[in-house]
Amino acid sequence: KAQIKIWEYFVPRKLIELHYAVNHEHPDKKISRLCFDIDRRDIPAEKAQVVALRFIEAIKKDKKFKLNYKIFPMWTGNSFHVYLLLRKKVSHDYYEKYIHADINKQNESFTGRWALAVNKELKNIKIVAGHEKKRGYINIDPSLSPSGKIARAPFSLYVKSYSSPKGVAIPLKISDLKNRNLIKELRSYTMEKVLKNINKLGENLL
């Protein structure tokens, strides 16, 4: 009976919540993309949308950040990921020195300084960079970036409970984040609606 429960629950959930290795499956490999999770916890998704857009703007304004990259935002089904797709790979040491964020040392990484810039700009939303969660804050967490870590794949389901998928991961354009009705539109996507619009949505992956 226990085995039946495992196969009825865990296997279907694994198949519909699709994750992938952001940068290789094994640790300490070179990094070709940086992934920033906009972790909102109990804060409205609309505020996470504002933070994602302002975070992207802070990155683009930073003249000291010399990497060549393309920005790719994605709705995870619940919040946002912001990717920097790097033209040239960087080492794990580069990540640790410049991207990894410590909640108590915000000034010591690009991620922390970008979060501080957004925090200064937005008066009604509190932001902090780092993996450690802080109540009442939106976390900008780069910890999915190192090799060996996984993230939700585009068009994966976001499952809150097995019987009721909560949302679908949708690839976006940066300009989409300026849409005031974006969250409402993203939440309207069902599996069937995604399949119907898959070619148009897939253009955002190119």
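Where does arginine 41 lie? Select arginine 41: this residue lies in the loop between β2 and α2. You are looking at a predicted model.

**Stop 1: two loop residues with positive phi**

Stay on arginine 41. Its phi is positive, about 50°, although the residue is not a glycine. Is arginine 41 buried or exposed? Its relative accessibility is 57%, so arginine 41 counts as exposed.

Now select aspartate 28. This residue sits in the loop between β1 (19-21) and β2 (31-39). Aspartate 28 is not a glycine either, yet its phi is positive, at about 70°. With 60% relative accessibility, aspartate 28 counts as exposed because the cut-off for that class is over 50%.

**Stop 2: lysine 133**

Go to lysine 133. Look for this residue in the loop between β5 (127-129) and β6 (138-141). Which residues does lysine 133 touch, not counting those up to four places away in sequence? Show Asp39, Arg41, Asn139 and Asp141. Arg41 is the residue you began with, in the loop between β2 and α2.

Lysine 133 has 29% relative accessibility, so the residue counts as partly exposed. Next, draw a distance from lysine 133 to glutamate 121. Along the chain the two are 12 residues apart, and their C-alpha atoms are separated by 21 Å.

**Stop 3: helices α2 and α4**

Glutamate 121 leads to the next view, as one of the α4 residues that meet α2. Select α2 (residues 45-61) and α4 (residues 110-121). Two packed helices are described by the angle between their axes and the distance between the axes. Here the axes come within 9 Å and cross at roughly 120°. That makes α2 oblique to α4. The crossing of α2 past α4 is right-handed.

Which residues of α2 and α4 meet? Show the side chains:

- From α2, select Arg54, Phe55, Ala58 and Ile59.
- From α4, select Thr111, Trp114, Ala115, Ala117, Val118 and Glu121.

Colour this contact by class: there are seven nonpolar residues, one polar and two charged.

**Stop 4: the aromatic rings**

Keep Phe55 and Trp114 on screen. Both belong to a cluster linked by ring pairs. Add the other members: Phe36, Phe65, Tyr69, Tyr94, Tyr98 and Phe110. How many aromatic pairs does the structure hold? The count is 11.

Zoom in on phenylalanine 65 and tyrosine 69. A pair of aromatic rings is described by the distance of the centres and the angle of the planes. For phenylalanine 65 and tyrosine 69, the centres are 5.7 Å apart and the planes are at 45°, a tilted pair. Phenylalanine 65 and tyrosine 69 are both buried.

Move on to tryptophan 75 and phenylalanine 80. Their ring centres are 5.1 Å apart and their planes are at 65°, so this pair is edge-to-face. Tryptophan 75 and phenylalanine 80 are both buried.

**Stop 5: along strand β3**

Return to tyrosine 69, found in strand β3 (residues 69-75). Leave aside its neighbours within four places in sequence. The contacts of tyrosine 69 are then Ile59, Lys60, Leu84, Leu85, Leu86 and Arg87. Ile59 also took part in the contact of α2 with α4. Now bring up isoleucine 198. Tyrosine 69 and isoleucine 198 are 129 residues apart in sequence, with 25 Å from C-alpha to C-alpha.

Select phenylalanine 72, also in β3. Is phenylalanine 72 buried or exposed? At 10% relative accessibility, the residue counts as buried because the cut-off is under 20%.

What is phenylalanine 72 in contact with, leaving aside neighbours within four places in sequence? Show His81, Val82, Tyr83 and Leu85. Then add Pro171, Leu172, Asn204 and Leu205. Leu85 is also in contact with tyrosine 69. Then pick leucine 206. Phenylalanine 72 and leucine 206 are 134 residues apart in sequence, and 9.6 Å apart in space, C-alpha to C-alpha.

**Last stop: lysine 105**

Finish at lysine 105. This residue lies in the loop between α3 (92-99) and α4. Lysine 105 has a relative accessible area of 43%, so the residue is partly exposed. Draw one more distance, to isoleucine 150. Lysine 105 and isoleucine 150 are 45 residues apart in sequence and 25 Å apart in space, C-alpha to C-alpha.

Key
Residues are numbered from 1 along each chain as its sequence is written. This is a predicted model: local features need pLDDT of at least 70, side-chain atom pairs count only at pLDDT 80 or more; totals for chains, interfaces and linings use all residues. Side-chain values use heavy atoms; hydrogens and water are left out. Axes are lines fitted to C-alpha atoms, for helices over the stretch in contact, and angles run from 0 to 180 degrees between N-to-C directions. Helices (H or I, at least four residues) and strands (E, at least two) are DSSP runs, numbered from the N terminus. Angles under 35 degrees count as roughly parallel, over 145 as roughly antiparallel, 65 to 115 as roughly perpendicular and the rest as oblique. A crossing is left-handed if the near helix is turned anticlockwise from the far one by less than a right angle, and right-handed if clockwise. Contact means heavy atoms within 4.5 Å. Ala, Val, Leu, Ile, Met, Phe, Trp, Tyr, Cys and Pro count as nonpolar, Asp, Glu, Lys and Arg as charged, and the others, Gly among them, as polar. Rings of Phe, Tyr and Trp (its six-membered ring) pair if their centres lie within 6.5 Å; planes under 30 degrees apart count as stacked, over 60 as edge-to-face and the rest as tilted. Buried means under 20% relative accessible area, exposed over 50%, partly exposed in between (1.4 Å probe, protein chains only).
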